[in-house]
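Please look at the chain below, first as a whole and then at a few chosen places. The paragraphs that follow are meant to be read beside it.

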Amino acid sequence: MPQTPLGEDVTPARAAAALTGARQHSYWTDWDYRGLPEPSLRAPLRPGAGRADLVIVGGGFTGLWAAIQAKEADPARSVVLLESGRVGEAASGRNGGFVSPSLTHGLAQGLACWPEEIDTLERLGAENYAGWKASLTTYGIDCGFHEPGELTIALTEHQVERVREGYESARAHGHEVELLDATQVRARVDSPRYLLAHRDPHIGLVDPGLLVRGLADAAERLGVVVHEHSPVTAFETVGAGLRVTCGDASIDAEGVILGTGAFRGPLKRLAIYTLPVYDHVLMTEPLTAEQLAAIGWAGREGLTDAGNQFHYYRRTLDDRVLFGGYDANYHFPGRISPTLEQSASHDLLARHLISIFPALAEVRFTHRWAGVIDTTSRFTPIFGTAFGGRLAYAVGYTGLGVGSTRFGAAVALDLLAGVPTERTELAMVRELPMPFPPEPIRYAVVRATRSALAAEDRTGRRGLWLKVLDRMGIGFDT
Ligand SMILES: Cc1cc2nc3c(=O)[nH]c(=O)nc-3n(C[C@H](O)[C@H](O)[C@H](O)COP(=O)(O)OP(=O)(O)OC[C@H]3O[C@@H](n4cnc5c(N)ncnc54)[C@H](O)[C@@H]3O)c2cc1C
């Protein structure tokens, strides 16, 4: 018997009741709520002129990994990191905390874009993941990292084939994946909607708030100077270096790394390659013993489904459920504003969660938030240099950057050094993706693509518009 479409078996009133009183803040960085001390404010850059060997712009994972790896390579190098707000309060402190070894937004995307290079990309991804984990130990970062693996689940008949294909492809590339039928999936996590899943044991989960905080502390212990509330407004070539301007203050640096994610900054050229897309997340209160008994999930696997518009969800170490994804909202003409963070997408997520787990009909959410994803047309970051090689950038992780930002930062450091490495020679690094068209065409294209992806999710048929984009090597998802 066909199932009721997801969410339609949950009334809007039930979702609204579940969301009543939810705090409009990322759970991960809601320190007060979590009973953790608020990180003390790092002083803004003082007016006047300064100098440093390396200036890093952006205090998310990319900027922090760049700072740490720069110091690891040369402890004597003076490194200053400038963050326009608070460290880790953008995407890096708002995400799902899934840590994937993939550098290519998953194997399928890597195979589609760089079939000749995929083995190298997979090896470099595995090395990066190992290095990422080793750094947690080196710097004593206690961020709840665990490795329960991930289940990619078919929720509908037409997702079944996708799950199977993903499994076959992963196996063909030597991944230790496992195919679970409905009974086997439901023995792990019980939803009447689960039809099939493939399990990848090498996906980790982390508390991104504690991770970003731990990385910032580690960088400071290595001697990096961090300034918050210090937005960089301009760059100017001065002799062999670059002047970084930040209001009334400036720093002359030998080199600059830019890791500004989805935000429009002084390097205008990035805007044609990245779109800021809002992704929404909910966190429940800790589940009761009865609720846990009903859904199982003893293995705490990370879960995702195989739709174009997919959900990602996890059982946290304190037994809450984080549930995010599905809608990906682009606001004309690439607007980013705190006023866009709360939306009807949260109501839809609430309905979807209860629809997947009817046993959670009475659940309540404690937090609702959104973050901006820096999306490129090929789902992987762009890398490059500007100002005659004095500045290198790494932006555009398209929603899969918790692990790969460490690699992206290493690429940017290599590019800045100007010495070819295995990383800088990758086609993934050298080639730029298809740029997005200018507004208002961009907005129309994003709307059309979203509708086409939703239609495919409903019907299982890939329409003409998506087939054209496929041929052009372009896609849009979270
Ligand atoms: C809701 C959500 C869920 C996600 N889930 C996952 C997941 O489960 N797994 C995964 O791998 N990835 C996930 N991601 C993606 C991941 O969070 C990002 O890829 C990663 O955090 C990017 O880090 P970043 O440092 O490049 O960017 P950001 O964290 O956005 O940091 C960029 C920083 O630059 C600063 N900045 C911008 N402009 C300036 C300026 N002019 N001067 C100074 N500072 C500036 C910003 O304030 C910001 O702090 C998710 C993202 C979101 C939004």
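A crossing is called left-handed if the near helix is turned anticlockwise from the far one by less than a right angle, and right-handed if it is turned clockwise. In this predicted model, the crossing of helix 13 and helix 14 is left-handed. The model is a prediction, in which local features need pLDDT of at least 70 and side-chain atom pairs count only at pLDDT 80 or more, while totals for chains, interfaces and linings use all residues. Residues are numbered from 1 along each chain as its sequence is written.

The axes of helix 13 (residues 441-459) and helix 14 (residues 464-471) come within 9 Å and cross at roughly 110°, where axes are lines fitted to C-alpha atoms, for helices over the stretch in contact, and angles run from 0 to 180 degrees between N-to-C directions. Helix 13 and helix 14 are therefore roughly perpendicular to each other; angles under 35 degrees count as roughly parallel, over 145 as roughly antiparallel, 65 to 115 as roughly perpendicular and the rest as oblique. On the helix 13 side, Ala448, Thr449, Ala452, Leu453 and Glu456 meet Trp465, Leu466 and Leu469 of helix 14, two residues being in contact if their C-beta atoms, placed from the backbone, lie within 7 Å. Sorted by class, this contact of helix 13 with helix 14 has six nonpolar, one polar and one charged residues, with Ala, Val, Leu, Ile, Met, Phe, Trp, Tyr, Cys and Pro counted as nonpolar, Asp, Glu, Lys and Arg as charged, and the others, Gly among them, as polar.

A second helix pair can be read in the same manner. The axes of helix 5 (residues 118-138) and helix 11 (residues 404-417) come within 9 Å and cross at roughly 105°, and helix 5 and helix 11 are therefore roughly perpendicular to each other. Here Leu124, Asn128, Gly131 and Trp132 in helix 5 meet Ser404, Arg406 and Phe407 in helix 11, a contact that by class has three nonpolar, three polar and one charged residues.

These pairs belong to a chain with 14 helices and 18 strands, where helices (H or I, at least four residues) and strands (E, at least two) are DSSP runs, numbered from the N terminus. With 478 residues, a compact globule would have a radius of gyration near 23 Å, and the chain agrees with this at 22 Å; the radius is taken over C-alpha atoms, and the globule rule is 2.2 Å times the number of residues to the power 0.38. Along the principal axes, the C-alpha atoms of the chain fill a box of roughly 70 × 50 × 45 Å. Buried residues make up 51% of the 478 residues, a residue being buried if 20 or more other C-beta atoms lie within 10 Å of its own, exposed if 12 or fewer, and partly exposed in between, with C-beta atoms placed from the backbone. Of the contacts in the chain with a separation of 6 or more, 75% are between residues 24 or more positions apart.

Individual residues illustrate separations along the chain and in space. Ala271, in the loop between strand 11 (249-258) and strand 12 (275-284), is 165 residues from Phe436 along the chain, and their C-alpha atoms are separated by 8.6 Å. Phe145, in the loop between helix 5 and strand 4 (150-154), counts as partly exposed because it has 18 C-beta neighbours inside 10 Å. Not counting residues up to four places away in sequence, Phe145 touches Leu136, Gly204 and Val206, whereas the C-alpha atoms of Phe145 and Gln309, 164 residues apart along the chain, are separated by 27 Å.

The backbone geometry deserves a last look. Most residues other than glycine have a negative phi, and most peptide bonds are trans. A cis peptide bond nevertheless joins Phe332 and Pro333, with omega about -15°, and Pro333 is found in the loop between strand 15 (321-329) and helix 10 (344-356). The peptide bond from Glu439 to Pro440 is also cis, with omega near 5°, and Pro440 lies in the loop between helix 12 (427-430) and helix 13. Trp297 has a positive phi near 65° and counts as buried because 21 C-beta neighbours lie inside 10 Å. Thr398, in the loop between strand 18 (391-395) and helix 11, has a positive phi of about 50° and counts as buried with 25 C-beta neighbours inside 10 Å.
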